[in-house]
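Here is a short report on one protein chain. It moves from the core outward to single residues and then to the whole fold.

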Amino acid sequence: MTDLIRPDEGVRVRGLRRVEFEQMVAQGMFEGEPIELLGGELVEMSPQGSPHGWAITRLNAMLAPLMGRGLEVRIQLPLAVDDVSLPEPDVVVTDVTTPSAHPLVAHAAIEVSVTSQRLDLVHKAPRYAAAGVPLYVVLDMARARAVVHTDPASEGYTTIEELGPDDTLDVLGEPIDLALLLSDRWRPDGTRITD
């Protein structure tokens with residue numbers, strides 16, 4: 001669709017609410033469509049290339065000890081951050097959940113970015129901050145960096161730090177091997193950037 005009406009054109013646009021989206025999903029709408037609800041809009045998720053899947057698998061293994069401490073490590077599952085958003089972070093650490101609702105609170109969220117840096121850094125970060133997620137990390141696989149957001153406030157994160165492969169990242173007491181995760185840079189097609 002290229003003819004979308006934007007609010008800046010003087011037309012009032014009503015976005016989709018999270019509860020409405022969840023009802024639609026429960027009715028089978030969007031089956032097989034990789035989408036997230038962000039700010040009342042349906043956003044297509046990027047296809048996952050090999051580096052993306054590889055990084056998520058490694059993160060899952062590195063954070064698995066948290067499950068022994070009474071937390072859950074959820075992979076690409078919804079987090080109800082506000083009334084108009086239901087993102088699916090690549091990795092999110094929550095308290096133990098129930099099958100009746102998506103978690104509303106997270107201790108940490110991690111997005112792996114090969115092509116979605118703008119979405120993850122510009123659009124998702126403020127939503128995670130407003131929801132009070134204390135640690136939000138974007139692993140930028142194309143630039144071999146981790147963008148670490150801490151100190152959430154209603155308008156966004158007040159502390160943003162950029163780490164490289166030689167730096168240390170701690171997620172709730174578990175070390176994340178940035179040297180392993182960021183040792184190479186990747187193109188969207190899964191090929192290594194060799195400069």
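Which residues have the most contacts inside the largest nonpolar core? They are Leu-63, Leu-139 and Ile-176, in a core of 29 residues. The model is a predicted one.

**The cores**

Several elements give two or more residues to this largest core. Two of them are helices: H2 (50–63) and H4 (178–181). The strands include S3 (71–75), S4 (91–95) and S5 (108–113). S6 (135–140), S7 (145–153) and S9 (169–171) also contribute. H2 supplies the largest share, five residues. There is also a second, separate core of 13 residues. Among its members are Leu-79, Val-92, Ala-106 and Val-147.

**Leu-63 and Ala-55**

Leu-63 is one of the residues with the most contacts inside the largest core. Beyond residues up to four places away in sequence, Leu-63 touches Val-73, Val-91, Val-93, Ile-110, Val-171, Glu-174 and Ile-176.

Ala-55 sits in helix H2. Is Ala-55 buried or exposed? Its relative accessible area is 0%, so Ala-55 is buried. Outside its neighbours within four places in sequence, Ala-55 is in contact with Val-112, Met-141 and Leu-181. The pairing with Leu-181 spans 126 residues in sequence. In space, the C-alpha atoms of Ala-55 and Leu-181 are 6.3 Å apart.

**Glu-174**

Glu-174 belongs to strand S10 (residues 174–176). Why does Glu-174 count as buried? Because its relative accessibility is 14%, and the cut-off for buried is under 20%. The side chain of Glu-174 makes a polar contact of 3.3 Å with the side chain of Arg-69. With sequence neighbours within four places left aside, Glu-174 is in contact with Met-62, Leu-63, Pro-65, Leu-66, Arg-69 and Leu-169. Leu-63 thus appears in the contact list of Glu-174, and Glu-174 in that of Leu-63.

**Strand S4 and its partners**

S4 is largely enclosed by the rest of the structure, because four of its five residues are buried. Strand S4 pairs with S3 and with S5, as tabulated here.

| Strand pair | Bridges | Direction | Example of bridge partners |
|---|---|---|---|
| S3 and S4 | Five bridges | Antiparallel | Glu-72 with Thr-94 |
| S4 and S5 | Three bridges | Antiparallel | Val-91 with Ile-110 |

In a regular strand, side chains alternate between the two faces of the sheet. In this model, Val-92 is in the second core. Val-91 and Val-93 both touch Leu-63.

**The whole chain**

How many helices and strands does the protein have? There are four helices and 12 strands. Of the 195 residues, 41% count as buried. A compact globule with 195 residues would have a radius of gyration near 16 Å; the protein has 17 Å, which agrees. Along the principal axes, the C-alpha atoms fill a box of roughly 50 × 45 × 35 Å.

Sequence separation matters for the contact count. Among contacts with a separation of 6 or more, 51% are between residues 24 or more positions apart. Finally, the surface: the protein exposes about 10,600 Å². Carbon and sulfur atoms supply 52% of that area.

Note on methods:
Residues numbered from 1 in each chain as written. Predicted model: local features only at pLDDT ≥ 70, side-chain atom pairs only at ≥ 80, totals over all residues. Heavy atoms only, no water. Buried < 20%, exposed > 50% of the residue type's maximum accessible area, 1.4 Å probe, protein only. Polar contact = N/O pair within 3.5 Å; in protein donor to acceptor, adjacent residues only side chain to side chain. Contact = heavy atoms within 4.5 Å. Core = buried A, V, L, I, M, F, W, Y, C linked by side-chain atoms within 4.5 Å. Rg over C-alpha atoms; globule rule 2.2 N^0.38 Å. Areas by Shrake-Rupley, 256 points an atom, 1.4 Å probe, with all protein chains shown as cover. Pairing = 2+ DSSP bridges.
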